[in-house]
Amino acid sequence: MGLTDDDVREILRIVDESDVEELQIQTEGFSLHVSRGAPIAPSPAPPPAPLASAPAPDAAEPSTPAADEDTVLVPSPMLGTFYRAEAPGASPFVEVGATVGPDSTVCIIEVMKMMNSVAAGVSGTVVEVCAENGELVEYGEPLLRVRVA
Amino acid sequence: MRRVLIPNRGEIAVRIVNACRKLDLECVVGASEADLDGMAARMADRVVCLGPGPARDSYLRADIVVQAALGTGCDTIHPGYGFLSESPSLASLARENGLTFVGPPVSAIELAGDKLAARAAAQRAGVPVLPGGEAPSRQRARELATELGYPVLVKAAGGGGGRGIKRVDDESQLGALLSLARQEAGAAFADDRVYLERLVTPARHVEVQIAADEHGAVVHLGERDCSAQRRYQKVVEEAPAPALAPQTRATLLEAAVALAAEIGYENLGTVEFVVDPQTGEPFFLEVNCRIQVEHPVTEAVCDRDLVVLQLRIAGGRRLGFSQEEVRFSGHAIECRLNAEDPARGFAPSPGTLELFSVPDRPGLRVDTFCAPGAAIPPYYDSLMAKLIAHGENRDQAIRLLLDVLADTDVEGVETNRTLLIDVLGHPDFQAARVTTNWLEHVLR
């Protein structure tokens, strides 16, 4: 049994409309694994949301480093203002070289005064901070690059 | 006003980008991940990704939308239609943060969203409303329904746009349907108040386009007939409304302006009515606080750009014309080409377009975001394109649309093209005998 694009879309739609966090379908012909939320670390899947290519009249977009074999990009789980530290003047949650685990808080994304902690989602070493402190990050925009442990 | 955020998608986002261009405004399109490569996003000065595909995590997040506007240096939000366009929370959050929201005052949005409050305002303004009233208890509902005579409609105070409506044919159904309606209304609209209204059947759906500025001017831009509907969703719309007695038209137009003035309306809006085709009596249905999908038929017959007008009014400008200066010419008909599969009960048919070709004809306007290679994502409504024909008269507009539809070619998704041809070619439609339940009857 094969899966068409339409089937996959239909499955995604059903998952979206339900409260299912994770779905695994396995039959003779194929296996499909769908999960919502944080990416599963060294997954071969590309990071979400290639940034749009429309010209930006504002400050240049942060450059988007390509993830190489050993590194993964931690994408922003939401649109908001990116903060590297809990408060102005406090030390950043992570610096380049820091070791992080899946639950390590790596930054805060502020949406209309709501502060949302973002976890790394992976284990490894931070090799780059991709977003600018205090600037808008979009959904899916890379925040950090982490060399996977 | 310098830079406008458009947190919307599809043809209306393209439409608003074009209006911004006319006014030399920069535009930022707020798109979900599924629409980042869409036509509006490509046309915009900048695109910002609001969130993932499902609307509740992107287009329906007022906090994210306002944050996106502030973070990209926008001073204005044009919400389009659907999503948060009639959400008091987006309008107030935007304004609290110093942004211009293209739409009416929050008080008018709240009033229009509460169908019982809107009914009361209509009565105060002398606008005819359907006999009916709130049904807070089963006992009251039974009394009211007996007074009105079956069949009656049970409607949700927080509903609208065809949602939250139940038809009750006799007293034996009333109790169960009332409980169900209340339960569903509570779940869908966080407001379990319901009310009863007399059912007018058959009925025509006729609506009046209004425009008002903050300096107190209110005008109408004529009416539209949107009676060709399937499951309360409009399929074909036209202006002016055919087969409308001059007295009924005058009553409708006057009532819409009076209601807009009564509720302190500003910007563009629509006042919807049902008209009893036998007696010609109009009854108020609801106020829509947004640009409507079918606005182009009005634009065609009165030769005005309504989205430009919305932006100018939102910027504090005066309407710039009087009621007497609103002139009408010819007849315009719009049909909605949807990605739907007629063989599967018109279920949405998402996919990637291999071919999308609509012929170019004098008198035809096409509002669309579709092109070969474009994606129709599964998350949103299925509208692909609006085909709008403007002719000297109704027959000419019908002939033009039939000619265009015959040469329209879409591959990659299923469409309702043949349904549109069937509607426009039907003797009932051509004789302007269509009422709101006509299409479902014909399909059966």
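Helix α6 (residues 115-124) of chain B lies across β6, β7 (152-160) and β9 of chain B and runs at about 105° to β7(B), where a contact requires that the C-beta atoms of two residues, placed from the backbone, lie within 7 Å. Axes are lines fitted to C-alpha atoms, for helices over the stretch in contact, and angles are taken between N-to-C directions on a scale from 0 to 180 degrees. Helices (H or I, at least four residues) and strands (E, at least two) are DSSP runs numbered from the N terminus. The model is a predicted one, in which local features need pLDDT of at least 70 and side-chain atom pairs count only at pLDDT 80 or more, whereas totals for chains, interfaces and linings use all residues. Residues are numbered from 1 along each chain as its sequence is written, and chains are lettered from A and ligands numbered from 1 in the order in which they are written.

The strands of chain B crossed by α6(B) belong to an open sheet of four strands with the order β6-β9-β7-β8 and antiparallel pairing, two strands being paired if DSSP finds at least two bridges between them. At the edges of this sheet stand β6 (132-134) and β8 (163-168) of chain B, each with a single partner strand, so one side of each is left without a neighbour in the sheet. Neighbouring strands of the sheet are turned by 20° against each other on average, direction ignored. The edge strand β6(B) pairs with strand β9 (residues 194-198) of chain B in the antiparallel sense over three bridges, and within this pair B:G133 stands opposite B:L196 in β9(B).

Helix α7 (residues 138-148) of chain B also lies across this sheet, over β6, β7, β8 and β9 of chain B, and runs at about 15° to β9(B). The same helix, α7(B), packs against helix α8 (residues 171-189) of chain B at an angle of about 140°, with the two axes 10 Å apart. That angle makes α7(B) oblique to α8(B), given that angles under 35 degrees count as roughly parallel, over 145 as roughly antiparallel, 65 to 115 as roughly perpendicular and the rest as oblique. The crossing of α7(B) and α8(B) is right-handed, the near helix being turned clockwise from the far one by less than a right angle. In this contact B:R138, B:A141, B:R142 and B:A145 of α7(B) meet B:E171, B:L174, B:G175 and B:L178 of α8(B).

Chain A contains one helix and 10 strands, and of its 149 residues 28% count as buried, that is, with 20 or more other C-beta atoms, placed from the backbone, within 10 Å of their own. An open sheet of four strands in chain A has the order β3-β10-β8-β5 with antiparallel pairing, and its edge strands, β3 (71-75) and β5 (99-100) of chain A, each pair on one side only. Strand β8 (residues 124-129) of chain A is joined to strand β10 (residues 142-148) of chain A by five bridges in an antiparallel arrangement, with A:V148 in β10(A) as the bridge partner of A:G124.

Elsewhere in chain A, strand β4 (residues 80-83) and strand β6 (residues 105-111) pair in the antiparallel sense over three bridges, A:E110 in β6(A) being the bridge partner of A:T81. Six bridges join β6(A) to strand β7 (residues 114-119) of chain A, again antiparallel, and A:T105 stands opposite A:A119 in β7(A). The strands β6(A) and β7(A) form a hairpin with two residues between them, and A:M112 in the turn has a positive phi of about 45°.

Notes: A residue is buried if 20 or more other C-beta atoms lie within 10 Å of its own, exposed if 12 or fewer, and partly exposed in between; C-beta atoms are placed from the backbone.
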